[in-house]
Amino acid sequence: EMSASLVGSEMCIRDRPGLYRGAYKIIGSNCEGTKQLQKGDAMIRFNVPPFTGKEMEYIRQAVENQKICGDGEFTKKCSEWIEKKTGTRKCLLTTSCTHATELAALLAHVGPGDEIIMPSFTFVSTADAFVLRGAVPVFVDIRPDTMNIDETLIEAAITDKTKAIVPVHYAGVGCEMDTIMEIAARYKLLVIEDAAQGIMAGYKGKALGAIGDFGCFSFHETKNYSMGEGGALLIRHEKDIEDAEIFREKGTDRSKYYRGQVDKYRWQNYGSSYLPSELNAAYLYAQLELADVINEDRLRIWKQYGNELEGLAAAGKIQLPFVPEYCVHNGHMFYIKTADQEERAALIDYLKEAGILAVFHYIPLHSAPAGLKYGRFHGEDRYTTRESERLLRLPMYYGLQEDQVSYIAGKVKEFYGFH
């Protein structure tokens with residue numbers, strides 16, 4: 001049995017006994033015996049971490065290799081897979097997307113008083129990585145269609161203290177990167193892509209995360225591909241690779257030592273330990289091998305939701321996700337927008353009563369205590385708060401069955417009295 005707890009603005013599902021006992025049996029279709037939805041006695045979880053079947057075998061191999069710390073065989077395989085798939089110059093696997101962003105901040109030489117332009121509608125890590133370096137997050141309003149940063153508002157937020165722009169590719173849908181890259185080039189700013197949700201997605205034929213100077217992926221259990229906790233830093237320029245390796249390896253040139261380029265490794269600079277365990281990398285690699293299968297399955301689910309709810313959207317009851325024609329998304333998330341926060345709360349309760357866990361998302365950072373303390377919002381908040389209060393995420397995970405999606409969509413339509 002499982003319990004669901006809301007931590008900040010993120011729904012985290014943890015193994016805990018007792019909750020829903022006698023009411024619901026929570027199921028995920030990656031588990032044995034869950035092919036059919038048991039209406040009335042089955043709780044459909046918001047997320048089930050992906051599992052392909054080879055994860056345990058690869059973890060066993062890592063143990064048998066007697067190499068379970070960082071940068072072993074499976075870390076190398078994962079990094080090379082990402083480099084080949086995205087076309088990035090270098091990929092370094094990290095312990096989280098948060099740490100990947102912290103590495104990017106170090107490589108960008110972000111320091112006290114620097115300003116970093118980003119959306120307020122994002123996870124706290126986007127801002128945290130720069131606040132830790134003494135920088136000021138400058139929040140810019142979002143576009144209501146994609147929930148991404150409004151690229152037309154970025155230039156007005158630039159000052160002589162601006163160091164970088166951090167576009168966040170919400171739901172695996174690319175920001176308007178041509179405009180962002182042009183602005184950055186004109187003002188000599190760095191671009192650090194928060195592509196936590198963006199692996200296997202693209203913008204005008206380019207992989208998300210591999211367009212800017214740096215890109216950051218997440219492999220958290222809620223992402224399309226997971227190692228439990230983990231991430232990756234994508235590096236565009238050759239000049240940044242050596243420093244990235246040093247920062248990642250506690251400030252040492254240990255990576256060079258392992259390649260036989262130096263006879264011993266030494267403390268070269270400041271840094272930290274950002275290497276994930278081989279056990280985590282082994283778990284992830286089993287999924288990367290089947291990345292296309294997982295991606296196709298998520299797109300199947302995403303399309304089915306869209307097809308089943310398009311009538312409700314056409315009737316003006318809800319809004320559906322928008323994907324620009326030049327973007328290729330990855331089925332990371334399917335959300336709907338309700339009329340307002342009150343309607344959303346009522347729908348969440350209605351779906352829960354029907355055995356469905358649907359959740360909202362970020363509380364805008366500029367309205368949070370730390371956002372008020374460390375950052376500032378530039379311009380008018382026309383859409384960030386309003387749209388965040390309307391957005392509701394429906395269950396989405398690899399293996400969610402067609403009849404489960406139909407049941408969920410049916411309950412949403414039932415809430416609105418739509419048949």
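The following questions and answers work through helices, a strand and a loop of this predicted model.

Me: How many helices and strands make up the secondary structure of the chain, and what share of its residues count as buried?
Reply: Residues 24 or more positions apart account for 68% of the contacts in the chain that have a separation of 6 or more. The secondary structure comes to 13 helices and 17 strands, and of the 419 residues of the chain, the share that counts as buried is 57%.

Me: What distance separates the end C-alpha atoms of helix α2, and what span should its 14 residues have?
Reply: Helix α2 covers residues 73-86, and at 1.5 Å a residue its 14 residues should span 20 Å. The expected span is taken as 1.5 Å times one less than the number of residues. The end C-alpha atoms of α2 agree with that expectation, since they are 20 Å apart.

Me: Where around α2 do its buried residues lie, and which residues are exposed on the other side?
Reply: The buried residues of α2 are Phe 74, Thr 75, Cys 78, Ser 79, Trp 81, Ile 82 and Thr 86. They cover an arc of only 160° around the axis, and therefore lie on the same side of α2. An α-helix has 3.6 residues a turn, so residues three or four places apart point the same way. On the other side of α2, the exposed residues are Lys 76 and Lys 84.

Me: Which residue just after α2 takes a positive phi, and which does so just after α13?
Reply: Just after α13, a positive phi of about 70° is taken by Gly 417. Just after α2, the residue with a positive phi, of about 80°, is Gly 87.

Me: How are α9 and α13 oriented with respect to each other, and what is the handedness of their crossing?
Reply: The axes of helix α9 (residues 291-314) and helix α13 (residues 402-415) come within 10 Å and cross at roughly 30°. Because angles under 35 degrees count as roughly parallel, α9 is roughly parallel to α13. The residues that meet include Arg 300, Tyr 305 and Leu 312 in α9, and Glu 402, Ile 408 and Lys 413 in α13. As α9 passes α13, the crossing is right-handed.

Me: Which residues of α3 and α4 make the contact between these helices?
Reply: Helix α3 (residues 97-107) and helix α4 (residues 124-131) pack at an angle of about 35°, with their axes 8 Å apart, and α3 passes α4 in a right-handed crossing. From α3 the contact is made by Thr 98, Thr 101, Glu 102 and Ala 105, and from α4 by Ser 125, Ala 129 and Phe 130.

Me: Is Lys 90 buried, partly exposed or exposed?
Reply: Lys 90 is in strand β5 (residues 90-94), and its contacts, leaving aside neighbours within four places in sequence, include Glu 83, Ile 235 and Glu 245. Its C-alpha atom is separated by 8.2 Å from that of Leu 233, 143 residues apart along the chain. With a relative accessible area of 22%, Lys 90 is partly exposed.

Me: Is Gln 197 buried or exposed?
Reply: Gln 197 is in the loop between β9 (190-194) and β10 (202-203). Not counting residues up to four places away in sequence, Gln 197 touches His 169, Lys 223, His 332 and Tyr 362, among others. Buried means under 20% relative accessible area, and because the value for Gln 197 is 8%, this residue is buried.

Key
Residues numbered from 1 in each chain as written. Predicted model: local features only at pLDDT ≥ 70, side-chain atom pairs only at ≥ 80, totals over all residues. Heavy atoms only, no water. Helix = DSSP H or I, 4+ residues; strand = E, 2+ residues; numbered from the N terminus. Buried < 20%, exposed > 50% of the residue type's maximum accessible area, 1.4 Å probe, protein only. Arc of directions from axis to C-beta. Axes fitted to C-alpha atoms, helices over the stretch in contact; angles between N-to-C directions. Parallel < 35°, antiparallel > 145°, perpendicular 65-115°, else oblique. Left-handed = near helix turned anticlockwise from the far one by under 90°. Contact = heavy atoms within 4.5 Å.
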